[in-house]
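Biologist: I have a model open and would like to learn how to read it, one feature at a time. Could you walk me through it?

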Amino acid sequence: MTWDEASVAERARAFLAEHDPAVMDRLEFLRARFDAGLAWVHFPEGLGGLGAPRGLQAVADRELKGTPDNQPGRIGIGLGMAAPTILAFGTEEQKRRFLRPLWTGEEVWCQLFSEPGAGSDLATLATRAVREGDEWVVDGQKVWTSSAHTARWAILVARTDPDVPKHRGLTYFVCDMHAPGVEVRPLRQITGEAEFNEVFLTGVRLPDSLRLGEVGDGWRVAQTTLMNERVAIGGTPSRRTMMGVVAETWRSRPELRTHDLHQRLLKLWVDSEVMRLTAVRLREQLAAGHPGPEGSGMKLAFARLHQELSGLEVELLREDGLAYDDWTFRRPGTVDFIGREAGYRYLRAKGNSIEGGTSEILRNIIAERVLGLPAEPRADKDVAWKDLPR
Amino acid sequence: MTLLYTEVEEELRAAVRALLADKCSPSALLDRASRTAESGTPYDAELWKALARDIGVAGLLIPEELGGTASREGGASAREAAVVLEELGRAVAPVPFLSSAVLATQALLTAAGQKARGDVAAELLGRLAAGETTAALAVSFAASPYAPPSPVATLGEDGTVTGTVTGVIGAEAADVLLVPVRLARSAKQGTGLCAVEASPAAGEAVRVTPVTSLDLTRPIATVSFDSAAARVVATTDGMEAPWVWEALVRGAGLLASEQLGVAEWCLTTTVAYVKERRQFARPVGSFQAVKHRLADLWLEVVGARAAARNAAARLAEAPAGGPLGDDAAVAVAVAQAHCAAVAVHAAEECVQLHGGIGMTWEHPAHLYLKRAKADQIALGTPGDHRDALAGPADLPAPV
């Protein structure tokens, strides 16, 4: 059937009539919501969706407001990156196995992409997977892995053929984080805490049924993940924005205001309003079936705005800006931009222009794919990965 | 409300763009600029006639019942006027659309909404809509909507206007000058809007003196009235002149679309140039230092489009005659604060990334830089518009 606003709303109300969140177990409620196709309405029927336009998710969310949610912040990597990749490249069996517990939050996901020697140049990665019968044996080291310490599963890119140029020798897997040989070590950050990890993979055996996509096609599969990652980082509308937090500080501390800060703050208010309008326009384009290139820039804009806002807040606070709230070495499950103080926000926001593709890489992508400018000459083209200087 | 372009808007854009491609090429513009830089008006009367009369852009903001095409039921609106301004900005077209079809028209529409003297306004609007008459609002282009100037001309007891207004755009091309005036004919205070015919018959009573303008494609002039015959369009007892404020703020909102057009031309032209131009045996556009600047500029333009469309859509929801709501006022201020700066940045990058050729008279880049910089001052600077947001954003200034 063709879904519209009214029919999705009707579906959600009918679901609520049969499932009273006040008396139901939280997880049971979420599972039932998934089964009713109201988890992500643009997914296919049977996989948490209705095959409806993506824009109608807002209708479902509105109708189900106030009911138990799946704590999207805690499972952001699964929702934003693993799920769209599994949907695009997974087998029917993989989709049925992974998507429901991923969405309900019963199983947390992490992303095993970056390595100590492969960050922006991700395709250089060296973690290898060697086939042994129906299994793959994985050895290597990954880094900057958010949530690895709470994750049940990971999306993993590994090298399966070192004899071909780097982009062609990669294969994409789902990695079992409970498999023997997976070791997670916290990586303490600039903020004092460890939301990232290093992950050491030593002789980890993964069945071939955990492979996602064809052997040697891992780069193409990874592109889907990376594209979705940038949308997830740059495009998530949140109820409380960084602008809102800084504005509250401004309103509550009139003695700290100066004319210089006032003009800069108003400029950032305009910037965040322009970013909001750009996102509105992008969503309208998506809903109309014409995805625009605007999305490529959202993460870039978001990173700059966050850094400038949090930096201004520390400066505004003067003496209080000299203090830091807490250097305790902790391992949180999420990034807390709202609950912590300005110093933390400033330090953590600096990472927004590095994680999920640096701002420099994103500028290259915009310049080459949107504006059609020529690539820089490359030294690694047509050279087998094993022959690249390292 | 949508921030996308409708099919009708795209058709209008295509018509305007085709006409401009034919009649307003960069080389024709440069010829005209060279001929008129020292003297004469740069306005292209033929082009304006074709736009105003044949395509009908002059009546986009004027309601159907007054001879225009604006209506609540699917007719034209500020959205269509904005699309025309995008194209005129992209071509830095030397036509009095902003001065006549936006600023002067808007002042008349507000005056017509005041009822009392609506007949004069309605008659003038009918002539403007038909594209037969061109008008100009005799207010400085540098006036800010947040500090509208008090009238500097006076309406005498004999019904004539006397006074001098500086920094006026579109005056040389105008058949009718709309002058905000102080009322001097009675003991009571008050202001008004007068219409002065600028035909040669007016003789020495109306003088339009061109001033050498920073913007070669949009000149400014000093307009002097010396006991000039006038018709009263509207009056009010107070010193607040709603027609001036409405014209300035709505004009500012639509100016954002012109700035978007200027920025788009600069970005597109520069991208094309750096793909062709080679240095160090590579296209200049393959260097990251250049690519990153253009990527940043593209992102600014993407934001400018969203902000300008939002302003146009909000203005379309607040039809002429009625007061502008808070949402529309915020949308205008946001669009101006962002788009003015983007246009200037785009034009500066355009000159810079063209290297030496960008600094020459023979390349059109300078026409865009001059337009962008003049537009930044026009109808409130970005700082004026930011200040105006302090209230709505609840970010109060220091005490």
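Biologist: Let me start with a loop. Between which helices of chain B does B:Leu379 lie?

Modeller: Happy to help, and do keep in mind that this is a predicted model. B:Leu379 sits in the loop that joins helix H10 (365-377) to helix H11 (382-389) of chain B. Its phi is near 55°, a positive value in a residue other than glycine.

Biologist: Is B:Leu379 buried or exposed?

Modeller: The cut-off to apply is that buried means under 20% relative accessible area. B:Leu379 has 0% relative accessibility, so it counts as buried.

Biologist: Which other residue, in the loop between H4 and H5 of chain B, should I look at?

Modeller: Try B:Val92, which has its place in that loop. Its phi is near 35°, again positive in a residue other than glycine. With a relative accessible area of 0%, B:Val92 is buried.

Biologist: How confident is the predictor, and what scores does it give the complex?

Modeller: Start with the general idea: where pLDDT is low, the predicted coordinates should not be read in detail. Here chain B averages a pLDDT of 93, and 96% of the residues score at least 70. For the complex, the predictor gives an ipTM of 0.92 and a pTM of 0.91.

Biologist: Now a helix, please. Which residues of helix H3 in chain B are buried?

Modeller: In H3, residues 45-55, the buried ones are B:Leu47, B:Trp48, B:Ala50, B:Leu51 and B:Ala52. Their cover includes helix H1 (7-23), helix H4 (78-90) and helix H5 (97-113) of chain B.

Biologist: What should I look for at the ends of H3(B)?

Modeller: At the start, look for a side chain reaching a backbone nitrogen: a side-chain oxygen of B:Asp44 comes to within 3.3 Å of the backbone nitrogen of B:Glu46. Just after the helix, check the phi of B:Gly56, which is positive at about 85°.

Biologist: At what angle do H1(B) and H4(B) pack?

Modeller: The angle is about 30°, and the axes are 9 Å apart. Angles under 35 degrees count as roughly parallel, so H1(B) is roughly parallel to H4(B). The contact involves residues of H1(B) including B:Leu12, B:Val16 and B:Leu20, and residues of H4(B) including B:Val83, B:Val84 and B:Leu88. Charged side chains can be picked out on your display too: B:Glu9 and B:Arg13 of H1(B) take part, as do B:Glu80 and B:Arg90 of H4(B). The crossing of H1(B) past H4(B) is right-handed.

Biologist: What does B:Arg218 touch?

Modeller: Leaving aside residues up to four places away in sequence, its contacts are B:Tyr43, B:Leu98, B:Phe141, B:Ile169, B:Ser213, B:Glu258, B:Arg371 and B:Asp375. B:Arg218 is in the loop between strand E6 (206-211) and strand E7 (220-229) of chain B, and at 8% relative accessibility it counts as buried. The loop between E6 and E7 also holds B:Leu216, which is buried with a relative accessible area of 16%. The C-alpha atoms of B:Leu216 and B:Arg32 are separated by 9.4 Å, with their positions 184 residues apart along the chain.

Biologist: And in chain A, is A:Thr202 buried or exposed?

Modeller: A:Thr202 is exposed, with a relative accessible area of 54%. A:Thr202 belongs to strand E7 (residues 196-207) of chain A. Apart from residues up to four places away in sequence, A:Thr202 touches A:Val138, A:Asp139, A:Pro180 and A:Gly181.

Key: Residues are numbered from 1 along each chain as its sequence is written. Chains are lettered from A and ligands numbered from 1 in the order in which they are written. This is a predicted model: local features need pLDDT of at least 70, side-chain atom pairs count only at pLDDT 80 or more; totals for chains, interfaces and linings use all residues. Side-chain values use heavy atoms; hydrogens and water are left out. Helices (H or I, at least four residues) and strands (E, at least two) are DSSP runs, numbered from the N terminus. Buried means under 20% relative accessible area, exposed over 50%, partly exposed in between (1.4 Å probe, protein chains only). Contact means heavy atoms within 4.5 Å. A polar contact is a pair of N or O atoms within 3.5 Å; within protein, one must be able to donate a hydrogen and the other to accept it, and residues adjacent in sequence count only if both atoms are side-chain atoms. pLDDT is the predictor's confidence in each residue, from 0 to 100. Axes are lines fitted to C-alpha atoms, for helices over the stretch in contact, and angles run from 0 to 180 degrees between N-to-C directions. Angles under 35 degrees count as roughly parallel, over 145 as roughly antiparallel, 65 to 115 as roughly perpendicular and the rest as oblique. A crossing is left-handed if the near helix is turned anticlockwise from the far one by less than a right angle, and right-handed if clockwise.
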